[in-house]
Amino acid sequence: MISFNSYAHQLSTGYLELNTTAPQAISLTGSWQVDIADIEQQIPFDLNQDGAISWQEITAKQLAIESFVTKVISVKQHTNSCIVTSSGPLQLDNHFNQAYLVIPLHVKCSTTSDTLSLSYRAFFERDSNHKTIAAINDQSRIFSKDKQTQVFNFNQSSYLQTFVEYLYQGVLHIWLGLDHILFLIALLLTCVLVRKNHAWQANSSKWHIFKHTAWIVTAFTLAHSITLTATAMALISPNSRWVELGIAISVLFAALNNIYPLIVRLGWITFAFGLLHGMGFASVLAELGLSNNYQLLSVLAFNLGVEMGQLVILALALPILTAIRHFNWYQKWIMPLGSVAIALIAIQWSIERI
């Protein structure tokens, strides 16, 4: 039987790989690896309705699977369509505790060409965040709802394209990662304040605010860059369940510390929690997959994208907080109530992730 597990950062991700015998070959062979939980939404496998999927139930639907493949994947040479088929034995694989179906893929074109256009249209109507990593020879692309058709030019270097793709994914993840955003916001809420006489007061020095914020952001950046790179390059292999729980606890601590300050100088504690967040970023990057030929470039570009996304959040939030820091209602109501709201969300995450 095949069962499904999910984690807080779990993405709907597929992996498509094709290889040619030469850069201008007219035939390509490879596979499409797709999460069974995804394809089961399109092709019902659980024929006996017992809540589990057997291998026999999957293979019984092989013709439907082949039909689905030709419906959602197409290849062209300029204006000429290539023939896409998926005949051959199905196999199973596993990515991040998820069962994946390995579907054979064959492409036959009528002429030789340096350029192929691949269109991928699976699952986007059901899940707008679905991604598929496609690799043809040494060329890698990330297909998403906004990028369903992409061109592979075998006479051009893939360095720039790979860098741009993973940079974009890094920016996108920090903006979609609510736990990371709330951790940053919780830290920023008191960056514009100082603790005096057991109470929060407006910090009158913008220079002090800048230095305090820069120290916290630098600590967070250095920490998550270390663990993101180490995890993505398989130097460390943390348990994703405990990482997700640790991230939730870090958000909870940052929020509660605003209300009942135990630590006023947050640099080192931010660094410690940043190590956990870096492992969380790495789990997303690992699910996306690294470029086959540019692994280190993929990691660096994704990390840079995370930093860019983080700086955008900082650039939007800090000027607003700086402008309203002198108002009594910010010190007495907005900061505490905002911290309580973040803490409640973090408590819910912690319970879900235990």
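Here are some questions and answers about how the words used for this predicted model are earned.

Q: What makes up the protein chain, in helices and strands?
A: The chain has 10 helices and 13 strands. Its C-alpha trace spans about 80 × 50 × 35 Å along the principal axes. Buried residues account for 52% of the 354 residues.

Q: Why is Ala-122 called buried?
A: Buried means under 20% relative accessible area. Ala-122 has a relative accessible area of 0%, so it counts as buried. You'll find Ala-122 in the loop between S8 and S9.

Q: Which residues is Ala-122 in contact with, leaving aside its neighbours within four places in sequence?
A: With those neighbours set aside, Ala-122 is in contact with Trp-32, Phe-68, Val-72 and His-130. For a sense of distance, the C-alpha atoms of Ala-122 and Ile-345 are separated by 33 Å, and the two are 223 residues apart along the chain.

Q: Why does Thr-322 count as buried with a relative accessible area of 14%?
A: The cut-off for buried is under 20%, not zero. At 14%, Thr-322 falls under that cut-off, so it is buried. Thr-322 lies in helix H9. Not counting residues up to four places away in sequence, Thr-322 touches Val-192, Lys-206 and Ile-209.

Q: How do you know that Gly-305 is buried?
A: Set its value against the same cut-off, under 20%. Gly-305 has a relative accessible area of 0%, so it is buried. Gly-305 lies in helix H9, and beyond its neighbours within four places in sequence it is in contact with Leu-167, Gly-170 and Val-171. Gly-305 and Asn-97 are 27 Å apart in space, C-alpha to C-alpha, and 208 residues apart in sequence.

Q: Why is Lys-147 called partly exposed?
A: Partly exposed covers the range between buried, under 20%, and exposed, over 50%. Lys-147 has 28% relative accessibility, so it lands in that range. Lys-147 sits in the loop between strand S10 (139-143) and strand S11 (149-153). Leaving aside its neighbours within four places in sequence, Lys-147 is in contact with Ile-142 and Glu-165.

Q: What makes Asn-197 and His-198 exposed?
A: Exposed means over 50%. Asn-197 has a relative accessible area of 70%, so it is exposed. His-198 has a relative accessible area of 76%, so it is exposed too. Asn-197 lies in the loop between strand S12 (193-196) and strand S13 (199-202), and His-198 is found in the loop between S12 and S13 as well.

Q: What is phi of Asn-197 and of His-198?
A: Phi of Asn-197 is near 55 degrees, a positive value in a residue other than glycine. For His-198, phi is near 60 degrees, again positive in a residue other than glycine.

Q: What makes a group of residues a nonpolar core?
A: The members are buried residues of certain nonpolar kinds, joined through side-chain atoms within 4.5 Å. In the largest nonpolar core there are 37 residues, and Trp-32, Ile-65 and Tyr-120 touch the most other members. Several elements each supply at least two residues of this core, including strand S1 (13-19), helix H3 (62-72) and strand S8 (115-120). S7 gives the most, with five residues. Apart from this core lies another, of 33 residues, among them Val-192, Ala-317, Leu-318 and Met-335. In soluble globular proteins, nonpolar side chains tend to be buried together.

Q: How do you describe the way helix H5 (residues 178-189) and helix H9 (residues 295-324) pack?
A: Two packed helices are described by the angle between their axes and the distance between the axes. For H5 and H9, the angle is about 30 degrees and the axes are 11 Å apart. The contact is made by Ile-181, Leu-184, Ile-185, Leu-188 and Leu-189 of H5 and Gln-310, Ile-313, Leu-314, Ala-317 and Leu-321 of H9.

Q: What classes of residue make the contact of H5 with H9?
A: The contact has nine nonpolar, one polar and no charged residues. Gln-310 takes part in the contact, and Gln is not listed as nonpolar or charged, so it counts as polar.

Definitions and conventions:
Residues numbered from 1 in each chain as written. Heavy atoms only, no water. Axes fitted to C-alpha atoms, helices over the stretch in contact; angles between N-to-C directions. Helix = DSSP H or I, 4+ residues; strand = E, 2+ residues; numbered from the N terminus. Contact = heavy atoms within 4.5 Å. Buried < 20%, exposed > 50% of the residue type's maximum accessible area, 1.4 Å probe, protein only.
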